[in-house]
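Open the model in your viewer and keep the selection box handy. We will go from one hollow to the next, then check how far to trust what is on screen.

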Amino acid sequence: MKKSIFFISCLFILSIQFTFAQAKKTSPKQIHVEHADNFERNEELVPGAVLLSGNVKVDHDGVVLTCNKAYVFEKENYLKAFGNVQLVQGDTLFLNSKYAEYSGNLKKAFATGDAVMTSPDATLQTDTINFDRNVQQAFYNTKGTIVNKENTLVSKSGRYFVEEKKFQFLTEVTITNPKYVIKSNHLDYYSNSGHTYLLGPSTITSKTNYIYTEKGFYDTKKNLAHFLRKSYIKYDDRRIEGDSLFYNRNTEFASATRNVKITDSINRGVVKGHYAELYKLKDSMFVTKRAVAVNFVENDSVYIHGKRLLVTGKEGERILRAFNNVRFYKTDMSGKCDSIHSNSKTALTKLIGKPILWNGESQITGDVMHLIGDNKTRKIDSLKVLNNTFIISKDTLGTGYNQVKGLNLFGKFRDGKLHDVDVIKNTEVVYFMRNDANELIGINKNVSSKINMILENNAVETITFFNKVDGDIYPEDELPENARKLKGMVWRGDERIKSKDDIFTDEDNELHEKLIKEGKEEEEKGKNVPMKVRKETLNYDKKKTAPAVKSKK
C-alpha cells in the first residue's frame, strides 16, 4: 500500500514538472529594452509603465522597434511608442509611423499617423496599419497608396500577406501604370512578381483598348494577361470576347477560345467561332472551329462559313478570306465553293473552286464566279460567271427543268435580287413556256449567240434570243425526255442552303454542342471562385535573392 502511494506521488510530481515546463516553453517572450537615453517611472503620469526616451530601441522575438519615446508596461508585456516609430522584421518588413502600440503576448502591432510599410518590392502609405505577426499579415481600413516600381495602387482598404508578398483588396482598388489603369473590387496583387488576379467586375483601360473581365490574371511586368468569364477586349473598331482570352500588350496580340465573338462596330459585322487570333498591329484576324462571318448588307445579313476565316487590312481596305468547304447564306441567295476572297476596297467577292450559287429558285454554276458590290450604296451590284455557265430551275408545275447554258454570264441586281441577265457565246436553252393560266404551251429548245433574261421576284419574266437563233418550240409530246436536258446538266437542289443553320456541317454542329457544354460546366464549376494561382507566381523568388530594403529612419 505504501509503495502504491509513493508511486502515485511520483507521477503527480512529474506531471506538475512537465506542465510547468510546457507552460514555460509556450509562455510569450518579454519585450526587451536594448537602449534608451533615459529611464524613469511616473505612476501618476503612466501607472505601471517604464518611461523611455531618447534613441529608444527594444526587441521582441525577432522584431526590433525604435522610436523617440516609449511606455513599456512590463506586466502586460505591452508598449506604446511615440515619434519616428519604426518596427523592423528581418529584412522583409519595415513599419514607420508617428505612433504605435505593440503587444508581446499577442504579437500584434498597431501603427498610426502617416503610417508607411515597406517591403522589398513595395511601399504602402496610409493612416493606420495593423500587423499580426502570428499569421504574418498587415491590414488597413483607411485609404492607402502602394507604390511598386511602375505601378501605383490606391484602395480604401487592404491586407498584406508577408510570406506570399501579396496584397489583397476587397473594396475599390485602382492600379495605375503608365500604359493602363486597372479597377476592381476584388484584386490580389503580388508585389514581387507584379502578378495581379482579378475576381468580379474589373476593367483595364488604356489608350489602345478597354478590357472587361470578371475573372482574370495580369502580369504587370511582362504585360501578359489571361481572362475568363464574361471577358472582352474592345478596340476603337472591334470587340473580341470569349470564354478564355489571352492578351499580350507588347505585341497587341489577342487570342480567344470557346464562344468567340468579334464585332466590327464600323462595318456592322460579326465573326464567330471557337478559336480566334487577333493581331492588332497587323490589322489581321484568324478564326476557326465553326467559324462564321456575318455582314450586314441591304437590310439583310450575309453568313459566310469556312473551316478557317482570315480577315486582314485596315478599315476600307479589308479582305475576308474563307477556306475549305465554304458555304454562305443570304435571305434570297446562298452558295458553296472551295474558298472565298472578298475585298472591301474593290467591293469584289470571288467564289473560288467549284462555285455554285442559288438565287431564288435558280441554280447557277461556272468555273469562275464574282459578286461585285457598290461601296457607295453598300449593295450587291452585279454577278459575273466565266466559263461553263449553267443556270437551272425547276419548271413551276411540271417535272422538267428550265436550263440556260453558255460560256459567260453577266447579271445586274436590283434591290438585292438578280434582275437583268445576259448569257453570251454558244448559248443553249431548254425552257418550259406557260401562259397566264400556267398551261404549258410548249418546250422552247434552241441555240443562239446571246440570251437576255429579265427576272422579277427571282422568276423569268421575259427571255430574248440574239443572233443565229436555231431551234423551235416543241409540243410536250414531241420532245422526248432525253432531249429535254442539256449536256452537262446536274440538278443539285438537295445541296441548296435554305437557312443560316444549313451553312454548318454535322461535324461543325457536334463540335459546337460539345464546346458549349464544356463551357457551361466550367462556368458553373468556377463560379465566384478566384483563378488558381500560377506556379510562376508562387515560385517567383525561389531562384532570386530578395533585394535589401533600406531603413526609412
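Start by selecting Ile-31, Val-58, Asp-59, His-60, Val-63, Val-64, Leu-65, Leu-79, Leu-87 and Tyr-102: together they line the second largest cavity of this predicted model. The space they enclose comes to about 50 Å³. Now colour strand E3 (50-60), strand E4 and strand E5 (78-89), each of which supplies at least two residues of that lining. If you colour by residue class, you should find 8 nonpolar residues, 1 polar and 1 charged around this cavity.

**On to the largest cavity**

The structure holds 3 cavities of 30 Å³ or more, and the largest contains about 130 Å³ of space. Which residues lie nearest its centre? Select Ser-362, Ile-391, Ser-393, Met-453 and Val-460, which are among the 16 residues of the lining. Two or more lining residues come from each of the strands E29 (362-365), E31 (379-394), E32 (401-414), E33 (417-434), E34 (440-456) and E35 (459-466). By class, the lining of the largest cavity has 11 nonpolar and 5 polar residues, with no charged ones.

**The second largest pocket**

Keep Val-460 selected and turn to the second largest pocket, with a volume of about 700 Å³. Its lining counts 29 residues, and Val-460 is one of those closest to the centre, together with Thr-396, Asn-402, Tyr-431 and Ala-459. Strands E31, E33 and E35 each give two or more residues here. The largest share belongs to E35, with 6 residues. Colouring by class shows 9 nonpolar, 12 polar and 8 charged residues in the lining of this pocket.

**The largest pocket**

Next, select Asn-295, Val-297, Ser-342, Ser-344 and Thr-349, the residues closest to the centre of the largest pocket among the 40 that line it. This pocket has a volume of about 940 Å³. Which strand gives the most to the lining? Highlight E23 (residues 284-297), which contributes 5 residues. The whole lining of the largest pocket divides into 21 nonpolar, 11 polar and 8 charged residues.

**Last stop: confidence**

Finally, colour the chain by pLDDT. The average is 88, and 93% of the residues score at least 70. Among the elements, strand E4 (residues 63-73) has the highest mean pLDDT, 97, while helix H1 (residues 2-26) has the lowest, 42. Select residues 1-25 to finish: pLDDT stays under 50 throughout, and the model gives this stretch 0 contacts beyond four places in sequence.

Notes. Residues numbered from 1 in each chain as written. Predicted model: local features only at pLDDT ≥ 70, side-chain atom pairs only at ≥ 80, totals over all residues. Heavy atoms only, no water. pLDDT = per-residue confidence, 0-100. Helix = DSSP H or I, 4+ residues; strand = E, 2+ residues; numbered from the N terminus. Contact = heavy atoms within 4.5 Å. 1 Å grid on protein atoms, 1.4 Å probe; cavity = no way out; pocket = protein on both sides within 12 Å on 5 of 7 lines; lining within 4 Å. Points joined across faces, edges and corners; volume = space filled by probe spheres on them. Nonpolar A, V, L, I, M, F, W, Y, C, P; charged D, E, K, R; others polar.
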